[in-house]
Amino acid sequence: MQQATKPGGHAIETTGLTRRFGTLTAVDHIDLTVEYGGIFGLLGPNGAGKSTLIKMLTTLLKPSEGTARVAGFDIVAAPAEVRRRIGYVPQLLSADGALSGIENLTLSARLYGLSGAALKPRIDEALRYMGLADAAEQLVKRYSGGMIRRLELAQAMLHRPAILFLDEPTIGLDPVACLSVWDRLRALNREHGMTILMTSHFMDEVDELCDVVAILHQGRMAACGSPAQLKAVVGEAASMTDVFTHFSGGRLDEDEGGFRDIRRTRITAKRLG
Amino acid sequence: MSVPGEFVAKSLAIAQMELKKLFRDPTELFSRAVQPVLWLAVFGQVFSRVRGIPIGSVGYLAFMTPGILAQSVLFAAIFYGIAVIWERDLGVIHKLLVSPCPRSALVFGKAVSAGVRGLVQAAIIYLLALVMHIPLRTDPLAVLGVLSAVVLGSALFATFSLIIACIVKTRERFMGIGQVLTMPLFFASNAIYPLALMPPWLRVVAGFNPLTYLVDALRALMIAGAPASHSLVANFLVLTVVFVLFVIVAARLYPTLVE
Ligand SMILES: Nc1ncnc2c1ncn2[C@@H]1O[C@H](COP(=O)(O)OP(=O)(O)OP(=O)(O)O)[C@@H](O)[C@H]1O
Ligand SMILES: [Mg+2]
């Protein structure tokens, strides 16, 4: 298996990246550098701006201010170049329940310009890699949560992206399904050399997977470093939860984690049902 | 791949999957047959007794048949956008928009699938006409023309529906607007009465209504000696230009669905 191409420079580099919704500043002057090769974790309470940041980096949202380069290209000036080099699994459900696994993959592959003889081997490989070969012909609405996530990973890896963006990859999954998703993420990172940027609310997931972690709080960067570094800052024998609590204010703010955010998270957790 | 080649290939990829989903659950297709039956078998039967409608030598039932086909095309297509709102609430659209597929191909692919779906409406109407002994043109060229007009009209109104979906973004508002739009579009057209019968202001409104041109084309292609207001070429030209404009606008608005 060939390695994902790694253009020179950083995987992600943002300068003063900002997004406002009306009077609300969801992402507030973020300066962030992510190097190729690792798994980068983005943490923060509900409404901290994680999804908004990811949407800007994946060219779904235009920044209100600031710039970002992803895989070497400017997200505003060259969004098409960025799109060719990234994969994305949204916080919401992105596989089509009315199609089978293989049909979902075929659609993705064709939208990324794969066709003819190149198509089938890629799809078969992705199915096998994600442990879905036996379920390929089934309609996705009959998949379990873990299978859907793995299918979405299969879709996101088809075109061998250099960088993979995952918004809460294990939300709503049972512990066993979580383990299988973690295993596959690590494999994509190590065997395919894909740089991964993921958000998460689960501290053991972050501990388990991430080399570098950034904590967002009210749209601002509250901390950034390796889990070990951050723990050392907070105190002796601090856990990742202590780190999170320390840097995100340690209480539920009035103006975040509100109804809107919780509602969206819950809808996500319900997924297809 | 060349740019037009890429556009066609990716539109087809979208259209093919859309059609797969559609024919996997065809209940909706058949429920769409109910309305045309009511209009032709009930409304049409009654109104064919009214003598004062200036429609030339064709019977009223024959006159209104193309109108009812156009209407069923409109009604089927105008709610097409609800699927996009559904996809937006799930997250499917997010994934499509992060792919390097041109936005216009995402829209055009959906329009093509809606166009093909419209063919089912045509089949229903031809079947009804056969059962009810409504005299329709059956020469292959005419039928081919009808099918092309139906595909074009379905694609046009489905794209219009996508535009509305991109603007209103929620299911509730979309259903409301859809309900409000269909009847005025239908009545401000020549579907069940000729333009000549309309008060002047309504005739002006009908002139801006794409449905009028669809009906006019269908009428010329379905009925021998039908009264047509415009030439076939003019009708197809208007429909094509409006469709292309709609695709451009919808492609522009599509990314706002995920903002
Ligand atoms: N389209 C939008 N319009 C208005 N406000 C928005 C929009 N999208 C996000 N927001 C707001 O921006 C803030 C950040 O939202 P975002 O979804 O980025 O948070 P998050 O960190 O991903 O939260 P969660 O952990 O709940 O997923 C929230 O206050 C949210 O309500
Ligand atoms: Mg989020």
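Is B:W39 buried or exposed in this structure? The model is a predicted one, and in it B:W39 is buried, with a relative accessible area of 16%. Buried here means under 20% relative accessible area.

**First stop: the ring of B:W39 and its partner**

Please select B:W39 together with B:F186. The two rings form an edge-to-face aromatic pair, with 5.2 Å between the centres and 80 degrees between the planes. B:W39 belongs to helix α3 (residues 34-47) of chain B and B:F186 to helix α9 (residues 171-187) of chain B, so the pair ties together parts that are 147 residues apart in sequence. B:F186 is buried as well, at 0% relative accessibility.

Next, extend the selection to B:F43, B:F47, B:Y60, B:F63, B:F75 and B:F187. Ring pairs link these residues with B:W39 and B:F186 into a cluster. Within that cluster, turn to B:F63 and add B:R219: the charged end of B:R219 sits over the ring of B:F63, 3.6 Å from its centre.

**Second stop: a tilted pair**

Over all chains, the structure holds eleven aromatic pairs. Another of them is formed by B:F7 and B:F108, which are tilted, with 5.3 Å from centre to centre and 35 degrees between the planes. Because B:F7 lies in helix α1 (residues 3-24) of chain B and B:F108 in helix α7 (residues 103-131) of chain B, this pair ties together parts that are 101 residues apart in sequence. Both residues are partly exposed: B:F7 has a relative accessible area of 23%, and B:F108 has 26%.

**Third stop: annotated spans of chain B**

An unreviewed UniProt entry lists several spans of chain B as "transmembrane region", including residues 60-86 and 141-167. Select residues 60-86 of chain B: the end C-alpha atoms lie 41 Å apart, and the span is 89% helix and 0% strand. For residues 141-167 of chain B, the end C-alpha atoms lie 39 Å apart, and the span is 100% helix and 0% strand.

**Fourth stop: where the chains meet**

Now display both chains. The contact takes 27 residues from chain A and 27 residues from chain B. About 2600 Å² is buried between chain A and chain B, and carbon and sulfur atoms give 64% of that area. On the chain A side, highlight A:L60, A:R110 and A:L111, which lose the most area to chain B and together account for 26% of what that side buries.

Three salt bridges are counted between chain A and chain B. To view one salt bridge, select B:K20 and A:E103, whose closest N and O atoms are 3.8 Å apart.

**Last stop: chain A**

Finally, select A:R184 and A:Y129. The charged end of A:R184 sits over the ring of A:Y129, 5.0 Å from the ring centre.

Conventions. Residues numbered from 1 in each chain as written. Chains lettered and ligands numbered in written order. Predicted model: local features only at pLDDT ≥ 70, side-chain atom pairs only at ≥ 80, totals over all residues. Heavy atoms only, no water. Phe/Tyr/Trp six-rings, centres within 6.5 Å; stacked < 30°, edge-to-face > 60°. Helix = DSSP H or I, 4+ residues; strand = E, 2+ residues; numbered from the N terminus. Buried < 20%, exposed > 50% of the residue type's maximum accessible area, 1.4 Å probe, protein only. Lys NZ or Arg CZ within 6 Å of the ring centre and 35° of its normal. UniProt positions renumbered as here; feature names shortened; annotations may be inferred. Contact = heavy atoms within 4.5 Å. Buried area = accessible area lost by both parts, 1.4 Å probe. Salt bridge = Lys/Arg side-chain N within 4 Å of Asp/Glu carboxyl O.
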